[in-house]
Amino acid sequence: MIAVQNLTKSFRNVQVLKGVSMEIQTGEIFGIAGRSGVGKSTLLRCMNGLETYDAGSLQVDGVEVKDLKEKELRLFRKNMGMIFQSFSLITRATVYQNIAYPMRCWHYDKQTIDAKVKELLQVVGMPEKINSRASELSGGQKQRVAIARALAMDPKVLLCDEATSALDPKSTLAITELLREINQKLGITVVVVTHEMDVIRRICDRMVVIEDGQIQASGGVEEVFEERPEALTNLLGTQGPPLPKEGINLEFFYSTEQNELENLVADLMRTLEFQMKIVGGGMEEYKGKTVCSMIVNLPQNLTEKACAYLTQRGVRWRLMCRGEEDKVQ
Amino acid sequence: MTFWESVVYYGQRLIAPAVLVTLQIVFFTILIGFVLGFALAILLTLYGPNGLNHKRKVYGVLNFLVNTVRSFPILILIVAISPLTRMIVGTTIGVKAVILPLSITATAFIARLLESSFIKVDKQLIEAAKSLGATNMQIMWGVIIKESVPAIFSVLTMATVNYIAATTIAGAVGGGGLGAVALTYGYQSFNDTVLYMAVLVMFLLVNVTQYLGDWLYKKFL
């Protein structure tokens, strides 16, 4: 759907994108994570031609975005809905007028607009606000209207630029749910740019982590979070829980829905014939699936056996570095 | 004549006709200035440094013109372009003759103020409109101007108040109106009644304008 090859972009003398390559598949929810100012928004803006790029290629459905002329670019943008951090509604206009705006720009007739606005307000779940002024709405409501407006032209892709970053946690949850719903029901490909890891964990299928204008990690969301590459740790801003300095710390992950793994920890202890220490753990939710992570502390000589056992049970694991000391592995 | 009799007398003979002249000058100045200034402001916004369709040269020329007109004090401009005024209007005194220079300065003044309101419209909102496939003109009218309506009223208010004052200056060089009455029949004839009546009327005009402007601003916010 969207293929990015070696994309570079500079503002004056600062190179913002330093050769980014990735592919976004039709129908998926794709996350682009990174701290502020690493170029992730620029990358997103390149996708609908709001920003130009210097070199490399960015193709949407086989069309090179850079080659589009003004008129073609406008037509192309119809297929690429976009929502923003600050909602970007016409504050003085009503909800109706805001959603109708793109259709008016494309000269739809009044009945079509009427019907479409009502339909879209149903989709985003606020039909009663049709005549409210945009400035009277709460943040979450504004973003819903912005989503409705972005969907007005029946786009194939919805680009979300920090769409939940200005919202409180509850609205964030509601908006991410809405995005997931739109993705499932309407089959629209969603690209999410955010620094909020929860948002990515909750709805994205695959992700990339951008740091310093380059992709530092990519893959399925669950895998990236479990592998915890350095770029992700930098982004999360934490080094994880403090861990014992003696022995080896081993982290493993399993889904709570797998019944046969219910007693995994006990099974592991029995296999090793050793009462290991549990030094950390937690539950994370990935797109509705709950994954349990467990960190245990083992003496060096048992580690190999433990890892082999976990692999045999089909459980993903990794060795963790010990506090601030050198990395094991 | 008692004081109140003289107030009524001067009021009818001098002040009332002068108020009409002043209102006429202000009305036409603001009308012409707004229409032309509005168009100019759209061009300045469109071609400006952060505009939708930045054109350095066109903007440079327009910007230079606006700055040039704005650099003239009103009194000097009226005098300086009097040959032009004579050519177009046929005379350099009277209502029509002052409306020309005043509306030229009002155009530049209003254009600059409107431009600065237009460029304050949220950049991301303009980007959003672009992302929906809107044309530059659709963004100009549907987003930038739509969002600026209250600001437009406040610009109009400021311009009107400004040009009520400017008409008195124009009055000093043959424009007629309240300024001329206050100067000629008041100050230079040692007639304090006329002078302060004119001052009072100006005070009322400015206050009513400001009040009306504030009311419109709030109504359209």
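1. Let's start with the cavity lining in chain A of this predicted model. Two elements of chain A, α6 (169-186) and β8 (189-194), each contribute at least two residues to the lining of the largest cavity. Of these, β8(A) gives the largest share, with 3 residues.

2. Here is the lining in full, should you wish to pick it out on screen: A:Cys160, A:Glu162, A:Ala163, A:Thr164, A:Thr176, A:Leu179, A:Val192, A:Val193, A:Thr194 and A:Val199. By class that makes 6 nonpolar, 3 polar and 1 charged residues. The volume of this cavity is about 40 Å³, and the count of cavities of 30 Å³ or more comes to 1.

3. Over in chain B, have a look at the second largest pocket, whose volume is about 490 Å³. It is lined by 19 residues, and those closest to its centre are B:Asn50, B:Gly51, B:Leu52, B:Lys123 and B:Ile126. A good way to find the pocket is to centre the view on these residues.

4. Several helices of chain B meet the same pocket: α1 (3-47), α5 (95-118), α6 and α7 each supply at least two residues of its lining. The most come from α6(B), with 4 residues. The lining as a whole divides into 11 nonpolar, 4 polar and 4 charged residues.

5. Now to the interface between the chains. Here 22 residues of chain B are in contact with 25 residues of chain A. Between them the two chains bury about 2,000 Å², and carbon and sulfur atoms give 50% of that area. Three residues, B:Gln124, B:Ser131 and B:Leu132, supply 31% of what chain B buries against chain A, more than any other three residues.

6. On the polar side, 12 residue pairs are in polar contact between chain B and chain A, counting pairs with both residues at pLDDT 80 or more. The rule also finds 1 salt bridge across the interface. A:Arg45 forms a salt bridge with B:Glu127, and their closest N and O atoms are 2.6 Å apart.

7. Which elements of chain B give two or more residues to the side that touches chain A? They are α6 (123-131) and α7 (136-175). With 8 residues, α7(B) provides the largest share of that side. By class, the residues of chain B there are 11 nonpolar, 6 polar and 5 charged.

8. One last thing to look at is how two helices recur: α6 and α7 of chain B help to line the second largest pocket, and both also give residues to the side of chain B that touches chain A.

Key
Residues numbered from 1 in each chain as written. Chains lettered and ligands numbered in written order. Predicted model: local features only at pLDDT ≥ 70, side-chain atom pairs only at ≥ 80, totals over all residues. Heavy atoms only, no water. Contact = heavy atoms within 4.5 Å. Buried area = accessible area lost by both parts, 1.4 Å probe. Salt bridge = Lys/Arg side-chain N within 4 Å of Asp/Glu carboxyl O. Polar contact = N/O pair within 3.5 Å; in protein donor to acceptor, adjacent residues only side chain to side chain. Nonpolar A, V, L, I, M, F, W, Y, C, P; charged D, E, K, R; others polar. 1 Å grid on protein atoms, 1.4 Å probe; cavity = no way out; pocket = protein on both sides within 12 Å on 5 of 7 lines; lining within 4 Å. Points joined across faces, edges and corners; volume = space filled by probe spheres on them.
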